[in-house]
Amino acid sequence: MQSELSQAIKMLVQERGIPEDLVMSTIENFLLAAYKKKYGVVDNAVVRFSDDMMEVTLFAKKKIVPDDDLDDPVYEIPLSEALEMNEDCEVGDELLIEINPKEFDRVSVQSAKQKARQSLREIQKDTLYSEYKDKVGEMIIGYYQRERNGNIYVDLGKTEGILPKKYQSPREIYHPNDRIKALIYEVVKTPTGLQIVLSRNHAEFVKKIFELEVPEIYDKTIEITKIVREPGYRTKIAVRSTREDVDPVGACVGLKGVRIQAVVRELEGEKIDILRYSLDSRSFIKNALSPAEVNQVVILDESKKLALAIVPDASFSLAIGKQGLNVRLANRLTDWNIDVKTESQFSEMDISAEAKRAVSALFGEPEEEIQKISELPGITPRLVEILNKDKIEDIESLVALTPEQLAALEGITAEDIQTLHKIIEENVEIVEEEPVTAEAEAAAAAEAVESATPSGPAADSPLAAILPDTAAAEPDAAAAPAATPPEAPAETPAEAPAEAEVEEEAYECPECGTAVTPDMATCPNCGVGLTFEESAEE
């Protein structure tokens with residue numbers, strides 16, 4: 001029995017991974033439960049193990065009383081029986097009496113056994129949980145055990161893990177006793193036991209495989225900055241090197257592609273794109289769209305992370321990918337919203353050289369005008385302070401200064417003046433209005449009078465006063481009529497420009513701003529329908 005007990009303890013320690021002290025505690029609880037089931041109490045029961053853990057003994061602690069004074073046989077023993085066990089005992093002493101476990105009835109043994117099994121399960125569950133909870137995110141190898149409702153149960157040795165259907169790659173097919181390498185995704189303690197959730201479709205799983213195949217990644221010589229994955233189809237990995245003499249992409253690919261081929265085999269032929277990480281957004285976007293060739297990357301909006309990638313016509317489908325997979329993964333990898341256009345499509349787009357105008361043209365966003373000097377890009381706070389001292393805060397006031405006035409400002413240097421001129425040239429568009437000459441004004445007035453002159457007899461008298469031919473044709477007219485006309489023509493030139501402004505008023509398309517005329521039914525630029533209504537003059 002001693003050897004059987006020691007073998008049972010060793011088996012629990014080795015196979016189930018339960019610590020030896022917990023096994024001994026379980027055996028002690030088992031004996032105490034059986035004792036309580038038979039005698040109804042447990043406070044006088046004592047369990048002792050031998051030093052070599054080869055033997056366990058159950059005792060009942062009883063007090064020696066006179067033979068005629070025995071009240072409770074569970075706690076007391078008569079003196080006559082005590083003397084048979086120990087000749088030196090006396091009344092009032094306590095005696096440990098050994099209890100043979102074989103004397104327990106069947107019900108007591110079954111109750112104790114059930115309690116012991118429950119205790120062992122709880123101990124094993126806690127032990128495994130403490131072991132595997134620190135391994136979350138690590139790789140583990142197991143064997144296909146069974147399948148139920150698409151979920152695969154994997155034998156991990158001491159316990160089993162579950163590989164849910166949603167965490168399986170759609171490309172992979174498993175058979176009984178297949179070797180499965182997976183990532184420990186989650187460890188959950190449930191009422192039925194410990195549940196270890198495995199995964200093969202997370203991006204972290206690919207990272208762990210690369211750590212196994214590429215020593216430079218494991219020792220942090222090469223860093224994986226980000227991984228995005230569409231399980232079973234394509235994975236994109238951005239890498240960079242902490243040493244200048246190590247090529248991150250070449251190290252991951254390996255000699256003749258031996259390293260990347262091992263990873264592809266583990267992923268059952270899934271395509272993998274390894275690209276170099278770059279702090280420059282244009283270079284990173286260009287690399288992220290590999291294997292497609294990208295000619296140019298245009299940053300449309302830095303704050304909203306909008307970019308345009310221009311590719312050759314032959315590489316357009318490759319850049320987009322099947323069902324947009326390649327560009328979608330590139331968006332997730334770079335955290336940019338990338339729009340892919342061909343060279344021909346880009347040439348048809350109305351995009352100016354400046355990024356802000358490109359945004360306005362493509363997305364219809366109004367361009368905000370800079371009015372304050374402090375808002376100019378590249379201007380230093382010192383120059384802003386110098387100009388503010390002289391109450392020069394607007395860009396319009398700064399442009400209106402002559403070079404002599406600018407040089408006369410306190411604290412400004414010749415270098416500062418050059419810097420200001422350069423900033424204004426790069427960021428401010430100055431529109432100069434052409435001066436209107438007297439001849440142009442006279443010609444416009446005469447043209448306005450001709451176009452605004454009404455037909456009929458009433459129009460002859462002021463026109464005769466203005467035109468010299470009419471005055472020469474009637475030289476003998478009365479002096480009074482000849483003297484009175486100057487008052488009427490004096491008001492005519494003042495009224496003529498007003499009428500000219502009404503007649504020659506410029507119209508613009510409400511959608512695109514293109515100049516239009518009243519005889520147009522549609523806008524020649526955007527095609528929107530046009531209508532013109534004349535308001536009645538009071």
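Student: Is Val91 buried, partly exposed or exposed in this structure?

Tutor: In this predicted model, Val91 has a relative accessibility of 45%. Buried would require a value under 20% and exposed a value over 50%. Because 45% falls in between, Val91 counts as partly exposed.

Student: Where does Val91 lie along the chain, and with which residues is Val91 in contact once its neighbours within four places are left aside?

Tutor: Val91 belongs to the loop between helix H3 (79–85) and strand E4 (94–99). Its C-alpha atom is separated by 5.2 Å from that of Val65, although the two residues are 26 residues apart along the chain. Leaving aside the neighbours within four places in sequence, the residues in contact with Val91 are Ile64, Val65, Pro66 and Leu79.

Student: Which strands stand at the edges of the open sheet with the order E10-E11-E12, and why is one side of each left without a neighbour?

Tutor: This open sheet has three strands with mixed pairing, in the order E10-E11-E12. Each edge strand has a single partner strand, so one side of it is left without a neighbour in the sheet. The edge strands are E10 (222–230) and E12 (271–276).

Student: How many bridges join E10 to E11?

Tutor: Strand E11 covers residues 234–241 and runs antiparallel to E10. As for a particular pair, Glu230 has Arg234 in E11 as its bridge partner. The number of bridges that join E10 to E11 is eight.

Student: At about what angle to E10 does helix H11 run?

Tutor: Helix H5 (residues 203–213) packs on the sheet, touching E10, E11 and E12, and its direction makes about 140° with that of E10. Helix H11 (residues 325–334) lies across E10, E11 and E12 as well. The angle at which H11 runs to E10 is about 135°.

Student: Which element gives the largest share of the largest nonpolar core?

Tutor: The largest nonpolar core has 23 residues, of which Ile285, Leu289, Leu333 and Ile338 touch the most other members. Helix H9 (281–288), strand E13 (296–301), strand E14 (306–311), H11 and strand E15 (337–342) each give two or more residues to this core. The largest share, five residues, comes from H11.

Student: Which residues does Leu333 touch, not counting those up to four places away in sequence?

Tutor: Leu333 is one of the residues that touch the most other members of the largest nonpolar core. When residues up to four places away in sequence are not counted, Leu333 touches Lys226, Val228, Lys236, Ala238, Leu275, Phe284 and Ala288.

Conventions:
Residues are numbered from 1 along each chain as its sequence is written. This is a predicted model: local features need pLDDT of at least 70, side-chain atom pairs count only at pLDDT 80 or more; totals for chains, interfaces and linings use all residues. Side-chain values use heavy atoms; hydrogens and water are left out. Two strands pair if DSSP finds at least two bridges between them. Contact means heavy atoms within 4.5 Å. Axes are lines fitted to C-alpha atoms, for helices over the stretch in contact, and angles run from 0 to 180 degrees between N-to-C directions. Buried means under 20% relative accessible area, exposed over 50%, partly exposed in between (1.4 Å probe, protein chains only). A nonpolar core is a set of buried Ala, Val, Leu, Ile, Met, Phe, Trp, Tyr and Cys residues joined through side-chain atoms within 4.5 Å.
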